[in-house]
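Work through these exercises with the structure open. Each task is followed by a stepwise solution.

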Amino acid sequence: MMRVVLFILCFVGFSITICAQNILVVDAQNGDPISGVAVYNVDKSKSGITDLDGQVDISGFSRNEQLYFQHISYHIFSNYKFNILNSGNKVELTPSSSTLDEIVLSISKFGQNKRDIPQQIAAITSEDVLFKNPQTAADLLESSGQVYVQKSQLGGGSPLIRGFSTNRLLITVDGVRFNTAIFRGGNVQNVISIDPFSVERTEVILGPGSVVYGSDAVGGVMNFYTQKPSFSFQEGFDFSGNVSARYSTANEEKTGHFDLNIGGKQWAFLTSVSYSDFDDLKMGSHGPDDYLRTEYVETIDGVDTVVQNDDPEVQRFTGYDQVNFMQKVRYIPSEQWDINLGLFYTTTSDYPRYDRLIRRRDGQLRSAEWYYGPQEWASGNLQISHQQDGVALFDDSKLTLSYQRSKESRNDRDFGDTVLFETDEIVHAYTGGLDFTKKLAPKSTIFYGVEYVYNRVNSDGTQTDISTGVSSPDASRYPDGSTWQSLAAYASLQSKLSSTVSFQGGLRYNHILIDADFTENNQFFNFPFNDAEVSTGALTGSAGITWQASDILGWRFNFGTAFRAPNIDDIGKIFDSEPGSVVVPNPDVEAEYSYNFEVGANFNFDEVVKLDLATYYTSLKDALVRRDFSLNGQTQIEYQGELSNVQAIQNAGRSRVYGFEVGMEVNFCESVQLTSQVNVTDGFTEEEDGSRVAVRHVAPFFGNSHLLFKKKKWKLDGFVEYNGQFDFEDLAPSQQNIPFIYALDSNGNPFSPSWYTLNFAGQYQITDALQFTTTLENITDQRYRPYSSGISAPGRNLIVAASYSF
């Protein structure tokens with residue numbers, strides 16, 4: 001009887017499929033469904049378009065008709081209907097080699113053709129993640145070749161874009177602001193909370209993005225779009241997923257990942273889990289001896305002891321481990337509605353801050369301990385999208401509601417001291433946003449929206465005598481209970497002025513409110529104030545034109561303004577910035593404002609040789625920088641037992657940053673391709689006395705070149721990474737004051753040497769489901785340290801990875 005029932009169910013399901021004749025259109029490289037594919041016959045009398053899950057009904061076409069499949073990011077494909085049905089109702093499209101036809105989301109939060117966007121965009125796909133095997137999201141950004149990454153320790157990575165970093169860059173996850181009110185002007189490591197395995201696509205806006213994203217989007221915006229659940233192509237639920245494993249020799253990385261997708265017709269669920277364990281990182285053999293870790297501190301039987309390192313190339317202590325979890329739920333009640341819920345949780349173990357562990361005082365290692373406590377990030381993100389043509393106010397709308405909880409701590413103890421200082425911070429961030437699009441005319445679309453962000457900062461300080469275990473209150477890093485709020489409205493217009501010229505421009509008004517109470521910390525420091533209240537606003541705008549002058553030449557022109565409002569870190573922080581200095585609160589700071597000009601050109605010579613050039617100039621007014629300060633008339637105070645110079649964040653005149661970028665692609669044949677990316681940035685800050693000094697976050701000349709071979713199941717990549725030199729005179733004053741992270745020149749002054757690495761990667765598709773990847777990095781075992789980093793990069797490193805899809 002059961003067999004009869006199953007037969008009937010299968011027959012009914014088969015009959016429904018034949019009647020509907022749904023087919024699935026996917027990416028030939030990664031198997032992902034493709035939405036928005038136009039399907040039509042020879043005379044275009046019949047047509048259809050794939051839905052959000054890549055499905056389209058072709059029952060309206062006759063069996064012997066030839067069907068054409070067209071999407072702006074893929075090569076046109078055609079086949080007869082009966083062939084498609086006989087091959088499993090699936091069509092695979094090959095991505096177009098022209099990146100100008102990409103669809104990007106970052107500029108307006110809705111899909112736009114990259115060809116019509118006047119700003120420079122760098123994109124990284126999930127396929128790149130599987131091939132390049134980044135250990136963290138910071139490494140993922142660095143792999144683009146257009147983002148420089150600084151590291152103070154292995155558990156970190158602070159992006160630099162066009163001379164800006166940290167709180168002058170904005171990070172978003174699925175369109176939600178990731179920056180919090182305590183993102184600092186120094187290097188930040190929070191980006192490692194984002195799991196590369198969960199990211200479907202990363203888009204980096206090079207240049208200002210304040211019109212859509214508000215405060216902090218001065219130098220660029222890094223947008224991480226995580227994977228979405230997929231729906232079933234057949235009746236009932238489909239189960240699919242991926243399992244990956246990776247091992248790296250330089251830090252004995254052991255990473256495992258799995259994701260499981262359960263898809264029905266209207267409901268879909270995606271679970272993603274990753275775990276990584278990293279041991280101490282080993283540097284290379286050929287390079288400056290200044291980087292060697294010749295000795296380290298261990299506490300043996302309660303006594304801090306200097307221990308000689310058996311292998312000075314091993315950077316003790318740098319290892320840590322990390323867990324990433326993501327749960328997605330997606331519901332489509334009708335063709336007009338798409339509801340997505342994303343839940344994220346990431347945590348690390350304690351992880352040492354390596355650059356503080358190598359500091360010396362009077363020739364001896366200064367710190368016995370310096371580590372961050374577990375960095376935790378928990379987030380819930382609900383997005384409701386609605387499509388409704390014919391509505392007066394909008395065609396597409398998106399409601400976003402988000403809550404994030406970020407937790408971090410700092411723990412340090414000097415050599416020979418029994419007092420361990422600890423500060424703990426938790427930030428609760430609430431975001432609400434409404435975004436809309438409306439087609440005003442066949443060639444003009446307006447994007448507009450409103451946003452509200454609320455951050456509450458909880459901060460505590462303690463000191464513990466490790467010999468007795470007795471703890472007592474100490475000054476917190478930030479004023480406990482302080483709040484930061486942002487209210488904003490924006491609108492932008494994209495218009496196709498002609499077949500070759502497009503315009504995009506917009507305005508945004510942002511108002512920032514800050515409330516901080518210093519009463520608790522006044523028991524430790526006699527500040528001349530008890531609270532700080534900030535109410536400031538900024539109007540930002542952008543205007544740009546793209547002009548496809550010919551089949552060969554295209555132009556981009558863009559002008560944009562951006563701002564960064566003070567946050568809790570700017571007005572209320574207490575911390576030791578460098579040996580012998582302490583930063584204290586300064587409630588009298590104002591927003592900084594930037595003006596950016598950019599010109600770009602792209603050349604395309606018959607899809608064989610392509611060049612993408614861009615040059616830019618940014619002027620930053622009232623730049624927030626760290627400068628010497630006085631507190632109640634005192635220029636020195638005692639902080640954590642040490643007499644320290646007083647400093648504070650202040651508006652200190654103007655900074656100028658300028659540079660150019662060159663990208664090249666040469667397609668020798670269908671299987672062999674050469675790509676290269678070069679970035680040059682320079683700039684200066686005007687001091688109060690009129691002198692000019694280097695900008696701290698301007699990176700040296702850097703770039704990469706790749707020779708790629710793709711043939712059937714093989715993908716091979718021989719590539720070189722290279723980096724220019726910064727002499728002592730090229731370093732910002734803050735960098736000149738921390739020589740322990742740099743090599744020393746013949747005069748004993750710190751400098752950042754040039755370096756290069758030779759590398760080779762290979763990938764083989766063993767079966768449709770099983771893929772094997774191996775990479776040999778830094779083949780010549782160079783010992784180098786990227787600019788401003790406190791930890792040396794990996795030496796020769798073999799990466800072995802495998803992934804299985806089901």
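Rings of Phe, Tyr and Trp pair if their centres lie within 6.5 Å, with the six-membered ring taken for Trp. The model is predicted.

**Exercise 1. Name the residues that ring pairs link into a cluster.**

Solution. Apply the pairing rule to the rings. Phe278, Tyr320, Tyr351, Trp370 and Tyr372 are linked into a cluster by ring pairs.

**Exercise 2. Find the number of aromatic pairs in the whole structure, then classify the pair of Phe69 and Phe77.**

Solution.
- Step 1: the search of the whole structure gives 29 aromatic pairs.
- Step 2: the ring centres of Phe69 and Phe77 are 6.1 Å apart, and the planes meet at 45°.
- Step 3: planes under 30 degrees apart count as stacked, over 60 as edge-to-face and the rest as tilted. The Phe69 and Phe77 pair is at 45°, so it is tilted.
- Step 4: check the cover. Phe69 is buried at 0% relative accessible area, while Phe77 is partly exposed at 28%.

**Exercise 3. Classify the pair of Trp714 and Tyr764, and place both residues.**

Solution.
- Step 1: the centres of Trp714 and Tyr764 are 4.6 Å apart, with 45° between the planes. The pair is tilted.
- Step 2: Trp714 sits in strand E51 (residues 714-723) and Tyr764 in strand E54 (residues 755-765). They are 50 residues apart, and the pair links distant parts of the chain.
- Step 3: Trp714 has a relative accessible area of 45% and is partly exposed. Tyr764, at 28%, also counts as partly exposed.

**Exercise 4. Describe the backbone at Thr166, Asp216 and Phe317.**

Solution.
- Step 1: Thr166 is not a glycine, yet its phi is positive, near 50°. It lies in the loop between strand E13 (164-165) and strand E14 (169-173).
- Step 2: Asp216 is another non-glycine with positive phi, about 85°. Its loop runs between helix H5 (210-213) and strand E17 (220-226).
- Step 3: buried means under 20% relative accessible area. Thr166 is at 5%, so it is buried. Asp216 is at 2%, so it is buried.
- Step 4: the peptide bond from Arg316 to Phe317 is cis, with omega near 0°. Phe317 is in the loop between strand E24 (314-315) and strand E25 (320-334).

**Exercise 5. Is the protein as compact as a globular protein of that length, or less so?**

Solution.
- Step 1: count the elements. There are eight helices and 56 strands.
- Step 2: the radius of gyration is 27 Å, close to the 28 Å from the globule rule for 806 residues, so the protein is as compact as a globular protein of that length.
- Step 3: of the 806 residues, 55% count as buried.

Conventions: Residues numbered from 1 in each chain as written. Predicted model: local features only at pLDDT ≥ 70, side-chain atom pairs only at ≥ 80, totals over all residues. Heavy atoms only, no water. Helix = DSSP H or I, 4+ residues; strand = E, 2+ residues; numbered from the N terminus. Rg over C-alpha atoms; globule rule 2.2 N^0.38 Å. Buried < 20%, exposed > 50% of the residue type's maximum accessible area, 1.4 Å probe, protein only.
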